[in-house]
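Work through these exercises with the model open. Each task is followed by a stepwise solution.

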Amino acid sequence: MNTIALVGAQWGDEGKGKVIDILAETADYVVRATGGSNAGHTVVSGNKTYKLHLIPSGILYPHTKNIIGNGVVVDPKVLLEEMDTLAAQGVSLKNLVIDLRAHVVMPYHKELDELAEKAKGDNAIGTTKRGIGPCYADKSDRIGIRMIDFIQPEVFAQKLKTVLELKNAIITKVYGGKALDYNEIYSEYLEYAKRLAPITTDTGAELYAAIKSGKRVVFEGAQGTLLDLDSGTYPFVTSSHPITGGFCAGAGVGPTAIKECLGIAKSYTTRVGAGPFPTELDDEVGKHLLNVGHEFGTTTGRARRCGWLDAVILRLAVRINGLTSLAINKLDTLSGIKKLKIATHYILNGKKLTDFPADISILKDCTPVYKEYDGWDEDLSACKSFSELPVNAQKYIEAIEKLTDCPVSMIGVGADRHQMINK
Ligand code: GDP
Ligand code: IMO
Ligand code: MG
């Protein structure tokens, strides 16, 4: 078997897009299995930058087949815009397919995402407002519209009519909003369905056959472990399972189909949106990471919250995802910081906590305990091997391996696909 899963080990935006792009070069298939257009993956190649939301990063290679799996929630409007943008950049889309079981994000999902966030006031999650939560809720509630429904005009008409009545009642009566118009949505979305119909198929069966025959398959993670619906900082999470276990359900294959699990992390921690963040820095170092690391969201443009690396979180990621190794990105961003810190555990009421707690309400009373490391001043962006890194940078990486009990196999020293060191 020749398969690898790439999974976010923190709160998303770990630089997954870059690593996926590197691995996609030698892949036969790249599969997205979870999330939707809430994801924003940046791929930098020379002087070209691509920002991908729904389309797997393998699209940039003409020989790689790209699957949007059954576990993804597909916003047809966003997907078509993304396809058109890539086509205008000279990227071929002939190797893109969407699973028939994938659910469709409709305008009422986005409207309800907005309204629910507004109604939550101070308790808002800070979602990307892409309709992700409401779409997955409909999937669980068994009232969702799947690609297979969407591409059959009569089935789509009937399902939309029924569900829109219910959604309009909620929009108007619960939230005091304005009802959405059936005819407008139907005619607009019918056109999208017509364009997407030719690329819809039963992808799980093809993927299984490919894996059996030894093809190279990369599972592309979106979001990150701490945003997982079960294991993350609930309720400040996304509505899917962006962990390796979730990739199986979302790609239509079993756990034995994944041979290696590569966790992607930054050399520090960031988070967008609300929710607890034990190692968050509200000081000059936090500002340094924000500005030097250009920590602004790919999807929403929001400034990302920044903090020290947290080994408690990384250990959770190692466990939940069964990580076989870690890729540490953005080591270059730490250059110039005299003393670096990594949280090794938390202290709660005098007691040592080495595992991330289930009850996030206690996190505000948890004090992270840090180990300090000497920094380095050198620019790392041209380093090509581990031995070329300053000794203190090498020590920092080795400390991560020790604290997580997981080997580091790749180190990012810049945004370009070539700025990656194999350890
Ligand atoms: P993703 O959602 O995990 O794919 O990550 P994003 O693309 O949202 O955010 C990661 C950002 O860091 C992007 O702007 C990348 O171009 C950039 N990036 C990735 N790896 C590195 C690295 O090693 N060094 C630097 N300086 N930037 C990186
Ligand atoms: P990539 O794939 C970072 C966060 C949102 C919010 C929470 C719920 O680029 O790493 P949602 O819209 O999913 O209901 O929002 O999850 N979030 C992300 N944060 N990177 C992402 O994706 C994210 N996708 C969702 O900011 O806090
Ligand atoms: Mg991102």
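**Exercise 1. Is Arg142 buried or exposed, and where does Arg142 lie?**

Step 1. Arg142 counts as exposed because its relative accessible area is 74%. Buried means under 20% relative accessible area, exposed over 50%, and partly exposed in between, with a 1.4 Å probe and protein chains only.
Step 2. Place the residue: Arg142 sits in the loop between helix H4 (132-141) and helix H5 (147-150). Helices (H or I, at least four residues) and strands (E, at least two) are DSSP runs, numbered from the N terminus.
Step 3. Check the backbone: phi of Arg142 is positive, about 65 degrees, although Arg142 is not a glycine.

A word on the source: this is a predicted model, so local features need pLDDT of at least 70 and side-chain atom pairs count only at pLDDT 80 or more, while totals for chains, interfaces and linings use all residues. Residues are numbered from 1 along each chain as its sequence is written, chains are lettered from A and ligands numbered from 1 in the order in which they are written, and side-chain values use heavy atoms, with hydrogens and water left out.

**Exercise 2. Examine the loop between strand S10 (216-220) and helix H9 (244-251).**

Step 1. Start with Gln223, which lies in this loop. Its phi is positive, about 55 degrees, yet Gln223 is not a glycine.
Step 2. Judge its cover: Gln223 is buried, as its relative accessible area is 7%.
Step 3. Move on to Pro235, also placed in the loop between S10 and H9. The peptide bond joining Tyr234 and Pro235 is cis, with omega about 5 degrees.

**Exercise 3. Does the end-to-end distance of helix H2 (residues 76-88) agree or disagree with its expected span?**

Step 1. Take the rule: the expected span is 1.5 Å times one less than the number of residues.
Step 2. Apply the rule: the 13 residues of H2 should span 18 Å. The end C-alpha atoms are 18 Å apart, which agrees.
Step 3. Inspect the ends. At the N-terminal end, Asp75 is the cap: a side-chain oxygen lies 3.1 Å from the backbone nitrogen of Lys77. Such a polar contact is a pair of N or O atoms within 3.5 Å; within protein, one must be able to donate a hydrogen and the other to accept it, and residues adjacent in sequence count only if both atoms are side-chain atoms. After H2 comes Gly90, with a positive phi near 85 degrees.
Step 4. List buried positions: among them are Pro76, Leu79, Met83 and Leu86.

**Exercise 4. Which strands pair with strand S7 (residues 96-99)?**

Step 1. Two strands pair if DSSP finds at least two bridges between them.
Step 2. Strand S5 (residues 65-68) pairs with S7 in the parallel sense over 3 bridges. Here Ile68 is opposite Ile98.
Step 3. Strand S9 (residues 200-201) runs parallel to S7, joined by 2 bridges. In S9, Thr200 is the bridge partner of Ile98.
Step 4. Look at the faces of S7: Leu96 and Ile98 are buried on one side, Val97 and Asp99 on the other.

**Exercise 5. How many residues surround ligand 1?**

Step 1. The count is 19, and the closest include Lys16, Gly40, Thr42 and Asp332. A residue is near if one of its heavy atoms lies within 4 Å.
Step 2. Find polar contacts to ligand oxygens. A side-chain N or O atom of Thr42 is 2.6 Å away. A backbone N or O atom of Gly40 lies at 2.8 Å. A polar side-chain atom of Arg304 lies at 3.2 Å.
Step 3. Assess the cover: ligand 1 alone exposes 590 Å², and the protein buries 90% of that. These areas come from the Shrake-Rupley method with a 1.4 Å probe.
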